[in-house]
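User: I would like a close look at the pockets of this model, with the enclosed space treated afterwards for contrast. Please go through the linings residue by residue.

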Amino acid sequence: MKINKKMKENLTAWALLSPAIIFMTIFTVYPILKSIYLSFSKYNLGMKEPIFIRLKNYVDIFQSPLFWKIMWNTIYFSLLTIIPSLIIGLLLALLVNRKNKNVGFLRTAYFYPVVMPMIAVASIWFFIYMGKNGLFDQLLISLGMEPMNVLSNRKTVLPFMAIMYIWKEVGFIMVFYLAGLQNISGELYEAAVIDGASPWKILKYITIPLLKPTTIFISTVALTNSFKLVDHIVIMTEGAPNNASTLLLYYIYQQSFINFNYGKAGVLTVIMLFLLLIVSLPRFFKQDKNTHYNS
């Protein structure tokens, strides 16, 4: 059978895509389907096969006060990190969006924490926040103040862990905002200056609106990433004090690898996937309509 040109191109395209499709099927699609299946089952360590129990796992999870506490922790931590990260990232991008001999060093310095593993970052900040002997408490003592031991206080543990996460991720946001700034035509700024617009008005009416596509992308990525944090909790607090620093992914880790309750871990995984869809899809379908794209 003779293969025409279009069919040949399609076969070539599928052949090139097949490694990625196979990889995603094995490591993404299959685990998701498996988690959904286990969420309706009772399956603990030592059991030969899962036992189908319908919605019992979901009922138990939604009736648990601990679950709602952890959901609040997750949402609260996201709010603590996303908004400051976007603002600081934009300010840094505006700062380094210029041409001089030192700007390359500044860009590298601001971006360097991004390439560090979260485990290394958490270890560094753990020694900073360590009670009494840590750098932060030693600074307070040197100023004549009482040590705070922030990681052992349920009111301060998440805000101070948020500071650590912002320090690590703000360079990532800066790079995308910098790319967005460099894509804005300089003629727009020249026209605004000629018309007598102040720097604040230029930022408000030109820069920020034209950066909206970048902001939608960055805020969505930052929001989804904030739901997927676990490394720093394992290193710094392990959920202490009294689950005040436990986030959703760490709770899934506890149910899977500490309690070996794979049914409840499946429920929590389904809930996380649902949350990620909720925060991701509407942002693109709704906010995209009012977005100005610079060609």
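Analyst: The model is predicted. The second largest pocket is a convenient place to begin; about 160 Å³ of space lies in it. Its lining consists of Pro 31, Lys 34, Ser 35, Leu 38, Ile 252, Ser 256, Phe 257, Tyr 262, Ala 265, Gly 266 and Thr 269. Three helices, α1, α12 and α13, each contribute at least two residues to this lining. By class, the second largest pocket is lined by six nonpolar, four polar and one charged residues.

The largest pocket has a volume of about 260 Å³. Around it stand Phe 27, Thr 28, Pro 31, Ile 32, Ser 35, Lys 228, Leu 249, Ile 252, Thr 269, Met 272, Leu 273 and Leu 276. Pro 31, Ser 35, Ile 252 and Thr 269 appear in this lining and also in that of the second largest pocket. The helices that each give at least two residues to the largest pocket are α1 (5-39), α12 (248-258) and α13 (262-287), and α1, α12 and α13 each do so for the second largest pocket too. In the largest pocket, α1 gives the most, with five residues. The class split there is eight nonpolar, three polar and one charged.

The UniProt record, an unreviewed entry, lists residues 12-33 and 265-285 among its transmembrane regions. Pro 31 lines both pockets and its number falls in the listed span 12-33. Thr 269, likewise a lining residue of both, falls in the listed span 265-285.

The enclosed space is a separate matter. The structure holds one cavity of 30 Å³ or more, and the volume of the largest cavity is about 70 Å³. Two or more residues of its lining come from each of α3 (65-96), α7 (157-182) and α10 (212-226). The residues concerned are Thr 81, Ile 82, Ser 85, Tyr 165, Glu 169, Phe 172, Ile 173, Ala 222 and Asn 225. Here α7 gives the most, with four residues. Five nonpolar, three polar and one charged residues make up the lining of the largest cavity.

The UniProt entry also lists 157-179 as a transmembrane region. Over residues 157-179 the chain is 100% helix and 0% strand, with the end C-alpha atoms 34 Å apart. Another listed region is 109-130; residues 109-130 are 86% helix and 0% strand, and their end C-alpha atoms lie 25 Å apart.

Conventions. Residues numbered from 1 in each chain as written. Predicted model: local features only at pLDDT ≥ 70, side-chain atom pairs only at ≥ 80, totals over all residues. Heavy atoms only, no water. 1 Å grid on protein atoms, 1.4 Å probe; cavity = no way out; pocket = protein on both sides within 12 Å on 5 of 7 lines; lining within 4 Å. Points joined across faces, edges and corners; volume = space filled by probe spheres on them. Nonpolar A, V, L, I, M, F, W, Y, C, P; charged D, E, K, R; others polar. UniProt positions renumbered as here; feature names shortened; annotations may be inferred.
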